[in-house]
Every structure is written in structure tokens, then in C-alpha cells.
Amino acid sequence: MTTTPVAPVPRGLAGVVVTDTALGDVRGREGFYHYRQFSAIELARTRGFEDVWYLMFHGELPDRAAAADFVARTASLRALPAHVTEALPAIARASAVSGPLAGLRTALSLLGASAGFRPVYDIDAGRRREDALAVCAAVPTILTALHRLGQGQEPVEPREDLPHAANYLYMLTGAEPEPEKVRAIEQYLISTVDHGFNASTFTARVVASTGADLAACLVAAVGALSGPLHGGAPSRALDTLDAIGTPDRIDGWIREQVLAGRRIMGFGHPVYRTEDPRSRMLKSIAQGFGGPLVDFAVEVEAQVEAILAELKPGRELHTNVEFYAGVVMELCGLPRAMFTPTFCAARVVGWSANILEQAEDSKIIRPAARYVGAPPPQPVPAP
């Protein structure tokens, strides 16, 4: 019996096109990415988070009336159902070591169950969008509550009079945040809403293709994001700066890492072959704040690129979004344990938009694998 040859597939499905999407794309060689038909960076510079959320869900930017209605609608969904609120202290205790992102997986399952989410296969597009709005509005409330409970503090109730980013910082700290910090975090959130078919987005779409409910799709996406090779790098990039310590140690520390073949966290990206546009924008935001941390980060970036040009000629390696994201979040007072959860608070919008798009197609995602084990059938040995 012969089998049909299977064409070789790149490791990690790198560059393999798996579907069509109208949500956006990443053009790595150009250092450009977009949401729908708009530059993601231009959106981050000129629009608020809710406008971009609306764009991802509706396919167009809102006019003034639609924007005001959307802000009010999403703000009204921030409060959690009683069943979820009552369970959060136990979830926080159980995830005390692993942190809010691990707790979010449990809380999302409970939220979906208590809200009666039905399989996306069984409901219409309007109901799916309503479920997605409810989850995206609730995730920041869950994450900040889990963090505060983990610190022995009471959760802070959301406020409907604050925009999305301001309310997030308010729930995290319990104090109304400074406008420049709100805008910095808002620009970071916008810049990380979506980014092509990364591991967590693809995971969400795979689960959505089965027809599962929206909460199940998002739990799977959070699980993928929790891996350190995906969403866990912003705090690790700052850990790199901490490990170097002072400017006089940069050269020796970086050379040791490069020669040992170790990864320098905050540098490199699987898609971009030039400077990450998100990093460029966040660097500018960080420099607007100024200070020793920013100066040190800029110097580390320059020396890493110079040392790589010397030791690995022809291999370009630039800062990715995590490097300056960590700096910006540190400057805005976010604890490092909340760096990746903050990323998640933005990316849940992109995941949800992808789930909504995937749910329009009832074809289940079911790829094949190439078997490379011992030739079958082998005789089964006697017991």
C-alpha cells in the first residue's frame, strides 16, 4: 500500500497561509502592520481604544454618535456577575504563585457559564458580538481584581465615567491616573490589539472552528499567550536591564549572551525583518517621559545592535514590542506581574474579532501531520 507524498511544511507553520481575513495583516519585511484598512500605529497615535475596538468588531471607524454610544455600551458591561465576583478570592488564592493570567482562565470559564454563553455555531452574528463585547469589557475587571486580591487588597469597582484605559489603571491602583500615563497605556493597548496569526490568535480560531462558545475560545487563547515564547516577554526584557545593571556592564554582558547563543529578551521577532513599528512608537513614548531608565534602555538597544553587527554580520536583530513596552509600563507604575495581563487586556479584543470572523465559516480546522515513526503495522507482542 502506498501513501500520497505530503509536501514539506515549515516548522511552526511559518509563512503558511491558512485562511483569508479582513481583520488585518503584518508585513514583516516592511515593518508595517494594520487593522482593517488602517495603519495600526497611526490609529494608536490618533484614536482612542474604544474607536479601535469598534473598528475591529464592525469593520469601520465610528462617527461621533456611534463612538459615544459604543463607549457608554462597553462601560456598562464592566461590572462582573455576582457568581464571578464571589469566586474571585478563591481563584486569586489558587493562582497566587502563577498569577492573574492563570486565574483569568478559570474566571473566563465561570463567566461564560454564568452568562449562559452558547456555542457560536448555534447563535447568530448579533448574539456572538454581544457575548464578545461582554467578555472584552469584563477581562480588565477580572485581571485587576485578581491582582489586587493577590496583594491582599480589595478589588476596585469599575467606573462608567472613565474611558477604557483610564478605568483599567484606576481599577489597578485605586487612584485616578494622570492623563499622560493614561494616554501612554492607551497607545500601548491599541498597538497590541491584534498582530496577524500569532499563536494565541490561531488557537482562538481553531477552537472557534469547532463551534465552541466564546469563553472556551478565549480560555484557549489565554493558555497560548501564557507561554514565555509568546506573551511573557515584557517583564523579562526589564529583567535583562536589571541583569546588566549599569552602562559599563552592557558590552561584556551582551557579548557573553551572544557568544553563548542565548536569547536576549526584548530583541528579535519571528515576522519582522526590520525594526518593529510598535517598538519605534513605544520608544518615542518612553523618551517623552525621559529619565535614567529610558536613557539606559536606549543605550542597551544601541550596543546590542552594534555588537550583533560585529559578531553576527548580516544578521539583523532589533527591539520588539516587549522591550520598550516594559519600559513604558514601568514608567506608568504598573507592577511587572501585570505586564502580560495588560497585553491580554488589549489582545482579547483582537482574539474576539478573529473568533467572530471564524464563526462565519462552519468548516472545522483539521490539518494533517506527517507520520515519521516506525513503519506500521507491526505485530502486537504477546502479553
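What radius of gyration would a compact globule of 383 residues have, and what value does the protein have? A compact globule with 383 residues would have a radius of gyration near 21 Å, and the protein has 22 Å, which agrees. Please keep in mind that this is a predicted model. The protein holds 16 helices and 3 strands, and the points below go from its overall dimensions to a small sheet, a pocket and two residues.

**Overall picture**

- Along the principal axes, the C-alpha trace of the protein spans about 65 × 55 × 50 Å.
- Of the 383 residues in the protein, 49% are buried.
- Among contacts with a separation of 6 or more, 75% are between residues 24 or more positions apart.

**The sheet**

- The 3 strands form an open sheet, and their order is E1-E2-E3 with antiparallel pairing.
- Strand E1 (24-27) and strand E3 (38-39) are the edge strands, each pairing on one side only.
- In general, strands of a sheet pair through backbone hydrogen bonds, in either a parallel or an antiparallel way.
- E1 and strand E2 (residues 32-35) run antiparallel and are joined by 4 bridges.
- Two positions help you find this pairing on the model: Gly24 stands opposite Tyr35 in E2, and Asp25 stands opposite His34 in E2.
- Between E1 and E2 lie 4 residues of a hairpin, and Gly31 in the turn has a positive phi of about 70°.
- On the other side of the pairing order, E2 and E3 are antiparallel to each other over 2 bridges.
- His34 stands opposite Ser39 in E3, and His34 in E2 is also the residue that Asp25 stands opposite.
- The hairpin of E2 and E3 has 2 residues between the strands, and Arg36 takes a positive phi near 50° there.

**The second largest pocket**

- How much space lies in the second largest pocket? The answer is about 500 Å³.
- This pocket is lined by 21 residues, and the closest to its centre are Leu13, Val16, Val18, Pro367 and Ala368.
- Sorted by class, its lining has 14 nonpolar, 5 charged and 2 polar residues.
- As background, rolling a probe the size of a water molecule over the atoms shows where empty space is left.

**Leu111 in helix H5**

- Leu111 is found in helix H5, which covers residues 100-114.
- Is Leu111 buried or exposed? Its relative accessibility is 6%, so Leu111 counts as buried, the cut-off being under 20%.
- Not counting residues up to four places away in sequence, Leu111 touches Pro81, Val84, Val135, Ala138 and Ile142.
- Leu111 and Ala368 are 257 residues apart along the chain, and their C-alpha atoms are separated by 34 Å. Ala368 is one of the residues closest to the centre of the second largest pocket.

**His147 in helix H6**

- Helix H6 (residues 125-150) is the place of His147.
- His147 is buried because its relative accessible area is 10%, again with the cut-off at under 20%.
- Which residues does His147 contact, leaving aside its neighbours within four places in sequence? They are Pro100, Leu172, Pro335 and Met338.

Technical notes
Residues are numbered from 1 along each chain as its sequence is written. This is a predicted model: local features need pLDDT of at least 70, side-chain atom pairs count only at pLDDT 80 or more; totals for chains, interfaces and linings use all residues. Side-chain values use heavy atoms; hydrogens and water are left out. On a 1 Å grid over the protein atoms alone, a cavity is a set of points where a 1.4 Å probe fits but cannot get out, and a pocket is an open set with protein on both sides within 12 Å along at least five of seven lines; lining residues have an atom within 4 Å of a point. Grid points are joined across faces, edges and corners, and a volume is the space filled by probe spheres set on the points. Ala, Val, Leu, Ile, Met, Phe, Trp, Tyr, Cys and Pro count as nonpolar, Asp, Glu, Lys and Arg as charged, and the others, Gly among them, as polar. Two strands pair if DSSP finds at least two bridges between them. The radius of gyration is taken over C-alpha atoms; the globule rule is 2.2 Å times the number of residues to the power 0.38. Buried means under 20% relative accessible area, exposed over 50%, partly exposed in between (1.4 Å probe, protein chains only). Contact means heavy atoms within 4.5 Å.
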